[in-house]
Amino acid sequence: MPRVKIQNPARVAEYANDQQWYARRMTVQSHANPLREGLRLERTPEPCVIVIFGATGDLTRRKLVPALYSLAHQRQLSPAFALVGFARRDWSTEDFRREMRSGVDQFGRDVHAGVWESFAEGLEFNRGAFDDPEAYRQLGELLKKIDAERGTAGNRLYYLATSPESYADITRHLTDAGLINRNDHGPWTRMVVEKPFGHDLASAQRLNRLLLTHSLRERQVFRIDHYLGKETVQNILAVRFGNLIFEPIWNAQYVDHVQITVAESVGVEGRAGYYEEAGAIRDMVQNHMMQLVSLVAMEPPTAFEADAVRDEKVKVLRSIRLPDKDVGQWTARGQYAPGSIGGAAVPAYRQERGVDVVSATETYVAIKLSIENWRWAGTPFYLRSGKRLPKRITEIAITFKRVPHLLFDRSAVTGLEQNVLTLRIQPDEGISLRFGAKVPGPTVRLRSVNMDFLYGIAFGSEPADAYERLLLDAMLGDQTLFTRRDEVEQAWTLVNHITDGWKKLPPISGPNYAAGTWGPEEADDLIGRDQRQWRRL
């Protein structure tokens, strides 16, 4: 166990206990490999330093540091852990610690003064611009100091919480300063990259070349999509491959169609500059929704390991067939007009600050996908996502076919709906199964009923924040819940096909759905042409 310099004498006894606990944990781990057995047991990463570029941004204060603090509180971090914030703001280390404590108080959970004091001793701040070589020289000196004082052994996790335009400067200067180790031996170097990972296929390919040609190897790059860190998203795999009752009917023979909904009640929330360029299809479909599609539709992997899981996800994306013509027949776009959300009046998209008054950016998109493989041929996947919808909800609904021969009189089954398995990702995390049951009484009459599972009730607590799981996995070097280069590029290939088709159609001339409604009529027509309808949520 490396020696760590403890600045507060009152922490000496507590730290001694941490040392004993850490040694016991590592001894247990050395005799087992939970990943090999498909189990996600508690794991403790090696000592390391996380360097967050763009550390004064909202993401660090709201998500990253509260998640790291929570891991420390649960003793899932090594006592020899450190965090360095890198940004150009004129902050001292004490300023950084104070701001991060404010973020943890506001957005964290289980805040304990003693735990925070111990955690904060490992926080440092390195002031500098991303394109300033001197700032990286200073960073190198700071990292050497931290290695000596806290025993972090040269292990580095660089987190790029910046715009993609800064990636080139950061990776080049880290390489020039000798702060990246590409070798398999010695201290490890990993880099976490936030979305958006590119604006289209060409830009995504350029970013991949930038990261992989000069600085890193694919096994060192962790492209983060926080949806994959959600417990309920991971539960898709648990439900499918941990229960025999579902997998035999998880195919086109039994499934009528699949609906995936990502609905937001908010508007652009000060992100107009980004959203004007991205729109709903780049903001949600290319990353989050394609991830959900691939998890629902993938074949069973050979093992619950990074490449085995991601191989199957890529196969799904490559199996999606998009028609070359009539893009308006299998997609729909919309932009919200003024309306009301929760009884409060809200403006139109074009009235939001920073939005062009004649903007043609879509705030709603619906798509019909066909997956042409043995399992799913003939079963459509319907996707919809939009802003200023009536409520915030993300769900996957597997709708099963009707029974081939109904034994009962039509009067007995009036209103009986198809069986539906619903996976609720947020906010009411859980699973619901709808099936038919007999109504009590002397006659045979069937009615649809629901059987529900709720995370909070079943496990006595709410699911942890997604960033806790993803940051822990990155420190452990486990890429299972991160997207691979070919996965990102294949998703962009599909999105490019759609956006290229839209360029041949007239642009959105004006708002076509009121805020607080479930989207434009074109989306209802899209699914209605197949004699189906969107779920009422």
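How much area does the chain expose, and what share of it do carbon and sulfur atoms supply? The chain exposes about 24400 Å², of which carbon and sulfur atoms supply 50%, as given by the Shrake-Rupley method with a 1.4 Å probe.

This is a predicted model, in which local features need pLDDT of at least 70 and side-chain atom pairs count only at pLDDT 80 or more, while totals for chains, interfaces and linings use all residues. Residues are numbered from 1 along each chain as its sequence is written, and side-chain values use heavy atoms, with hydrogens and water left out.

**View 1. The whole chain, with its 15 helices and 19 strands.** Helices (H or I, at least four residues) and strands (E, at least two) are DSSP runs numbered from the N terminus. Of the 537 residues, 54% count as buried, a word that stands for under 20% relative accessible area with a 1.4 Å probe and protein chains only. Among contacts (heavy atoms within 4.5 Å) between residues at least 6 apart in sequence, 76% join residues at least 24 apart.

**View 2. The largest nonpolar core, a set of 142 residues.** Such a core consists of buried Ala, Val, Leu, Ile, Met, Phe, Trp, Tyr and Cys residues joined through side-chain atoms within 4.5 Å. Phe53, Leu174, Phe381 and Ile396 touch the most other members, and the largest share of the core, 13 residues, comes from helix α9 (residues 272-297). Leaving aside residues up to four places away in sequence, Leu174 touches Phe53, Tyr136, Leu139, Tyr158, Leu179, Ile180 and Met191.

**View 3. Helix α7, residues 201-213.** The end C-alpha atoms of this helix of 13 residues are 18 Å apart, which agrees with the 18 Å expected at 1.5 Å a residue, the expected span being 1.5 Å times one less than the number of residues. Buried in α7 are Leu201, Ser203, Ala204, Leu207, Asn208, Leu211 and Leu212. Seen down the axis, these buried residues fall within an arc of 165°, so they line one face of the helix; the arc is taken from the directions from the helix axis to the C-beta atoms. Their cover includes α6 (167-176), β5 (189-193), β6 (221-223) and α14 (485-503). At the N-terminal end, Asp200 caps α7, with a side-chain oxygen 3.4 Å from the backbone nitrogen of Ala202.

**View 4. Thr363, in the loop between β12 (344-346) and β13 (364-371).** Thr363 is buried, with a relative accessible area of 0%. A polar atom of its side chain lies 3.2 Å from the backbone nitrogen of Tyr336.

Terms used:
Buried means under 20% relative accessible area, exposed over 50%, partly exposed in between (1.4 Å probe, protein chains only). A polar contact is a pair of N or O atoms within 3.5 Å; within protein, one must be able to donate a hydrogen and the other to accept it, and residues adjacent in sequence count only if both atoms are side-chain atoms.
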